[in-house]
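Student: Could you take me through one part of this model in detail? I would like a close look at a single strand pairing and how it sits in the chain.

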Amino acid sequence: MGAASAPVLLSACGKDTVSPTSSTSSTSGTTGTTGTSGSGSCTVAPTETEGPFPTKTPASYVRSNITDGKTGYALTITITVNNANASCAALAGALVDIWHCDAEGNYSEYGGTGMQATNYQAVHFLRGRQVTNAAGQVTFTSIFPGWYSGRATHIHVHVYSATGTSLKVTQIAFPEGSGTAVAAVNGYAKGLSGYTSNASDNVFSDGVALELATVTGSTTAGFQLSWALAVPA
């Protein structure tokens with residue numbers, strides 16, 4: 001999937017979970033550079049909140065392409081799951097759910113409330129489940145997430161065993177600053193005025209060493225995200 005056309009965006013809805021404590025300004029660009037990833041160790045990934053917008057019936061969305069009609073800059077997401085209880089060996093057969101907001105900062109399956117004015121309760125975009133292969137990997141086709149008040153750009157991840165036992169709920173952070181994909185996307189139509197950085201995000205402010213993905217690519221060719229995590233399986 002190449003870079004999709006930039007969407008016609010509405011004003012993003014603010015979420016009333018956290019108020020931003022700082023803003024980060026950045027100039028837009030067309031290229032993204034790699035970000036460091038702390039996923040090379042066998043340290044178990046931090047547990048993070050599912051947030052107020054988890055997938056309601058994740059088993060219903062077994063699919064690799066999760067765009068579901070949403071437009072934005074193309075993003076290929078590759079996640080590798082390793083078993084912290086087996087010397088970080090690849091964990092095959094695990095269920096991996098992901099979900100994230102659209103270019104405007106809105107989530108599917110929710111809305112029409114103070115937390116998200118736009119009502120998307122009847123649609124299911126940007127949510128999906130895949131099963132890890134022999135290398136412990138899953139790949140999703142999506143769009144680059146937007147952002148909303150109080151949160152840095154992020155993707156939610158929930159890993160289950162093959163039998164459905166929850167192994168880890170966590171989140172993926174994105175590299176920030178000049179030359180990164182976050183700067184290139186520039187918050188889509190909203191820009192980055194009022195954006196909450198990783199350091200000021202209530203989820204990531206204690207550090208993102210084990211949650212920071214590597215993101216390469218450009219707005220024209222699309223972006224590629226890779227990230228690995230260890231779970232106790």
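Tutor: Happy to! For the pairing, two strands count as partners if DSSP finds at least two bridges between them. Keep in mind that this is a predicted model.

Let's look at strand 7, residues 154-160, and its partner, strand 8. The two run antiparallel and are joined by 7 bridges. Within this pair, Ile 155 faces Ile 172 of strand 8. Strand 7 and strand 8 make a hairpin, with 5 residues separating them. In that turn you will find Gly 164, whose phi is positive, about 95°.

Now for the surroundings of strand 8, which spans residues 166-173. Buried here means under 20% relative accessible area, and 7 of the 8 residues of strand 8 meet that description, so the strand is largely enclosed by the rest of the structure.

To set the hairpin in context, the protein chain has 1 helix and 10 strands. Read from the N terminus, their order is β-β-β-β-β-β-β-β-α-β-β. Of the chain's 233 residues, 53% are buried. Among contacts with a separation of 6 or more, 78% link residues 24 or more positions apart. As for the surface, the chain exposes about 9,000 Å², with carbon and sulfur atoms supplying 52% of that area.

One further spot is worth a glance: Asn 106, in the loop between strand 4 (95-99) and strand 5 (127-131). Asn 106 has a relative accessible area of 0%, so it counts as buried. Its side chain makes a polar contact with the side chain of Glu 104, at 3.4 Å.

How values were computed:
Residues are numbered from 1 along each chain as its sequence is written. This is a predicted model: local features need pLDDT of at least 70, side-chain atom pairs count only at pLDDT 80 or more; totals for chains, interfaces and linings use all residues. Side-chain values use heavy atoms; hydrogens and water are left out. Helices (H or I, at least four residues) and strands (E, at least two) are DSSP runs, numbered from the N terminus. Buried means under 20% relative accessible area, exposed over 50%, partly exposed in between (1.4 Å probe, protein chains only). A polar contact is a pair of N or O atoms within 3.5 Å; within protein, one must be able to donate a hydrogen and the other to accept it, and residues adjacent in sequence count only if both atoms are side-chain atoms. Contact means heavy atoms within 4.5 Å. Accessible areas come from the Shrake-Rupley method with a 1.4 Å probe; for residues, only the protein chains shown count as cover.
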